[in-house]
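User: Please take a close look at one part of this model, the first helix, and describe how its side chains are placed against the rest of the chain.

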Amino acid sequence: MDTRGWVLKAVEVLRFASEKDIVRWLDEEGESLSKDELQRTLERLLEEGLLELKNDLFRLKRKDSSHQAFDSLFKE
């Protein structure tokens, strides 16, 4: 798995994660990243819209499609 995949997996498992939480989880899984590499990857994932950042915590971005499908189903 590449760096991007490891970071996404960490955030998925942790649900809400700070950079320290992600580093700790990656260390437990036997995958080590430099601080710069992690920051670049997180920035890239934020730009791609795969992650959200709020109060220094990262989480997977919610998919709006389910809400849109529900609204269109019951729209009059």
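Analyst: What follows is an account of helix 1 and its partners. The model is predicted, so that local features need pLDDT of at least 70 and side-chain atom pairs count only at pLDDT 80 or more, while totals for chains, interfaces and linings use all residues. Residues are numbered from 1 along each chain as its sequence is written, and side-chain values use heavy atoms, with hydrogens and water left out.

Thr3 lies in helix 1 (helices are DSSP runs of H or I with at least four residues, numbered from the N terminus). The side chain of Thr3 is joined to that of Glu37 by a polar contact of 3.1 Å, that is, a pair of N or O atoms within 3.5 Å, one able to donate a hydrogen and the other to accept it, where residues adjacent in sequence count only if both atoms are side-chain atoms. With neighbours within four places in sequence set aside, Thr3 is in contact (heavy atoms within 4.5 Å) with Leu33, Glu37 and Thr41, and Val7, on the same terms, with Leu33, Leu38, Thr41, Leu42 and Leu45.

The structure holds 1 aromatic pair. The ring centres of Trp6 and Trp25 are 6.3 Å apart and their planes lie at 55°, so the pair is tilted; rings of Phe, Tyr and Trp (its six-membered ring) pair if their centres lie within 6.5 Å, with planes under 30 degrees apart counted as stacked, over 60 as edge-to-face and the rest as tilted. Because Trp6 lies in helix 1 (residues 3-14) and Trp25 in helix 2 (residues 19-28), the pair ties together parts that are 19 residues apart in sequence.

Methods. Helices (H or I, at least four residues) and strands (E, at least two) are DSSP runs, numbered from the N terminus.
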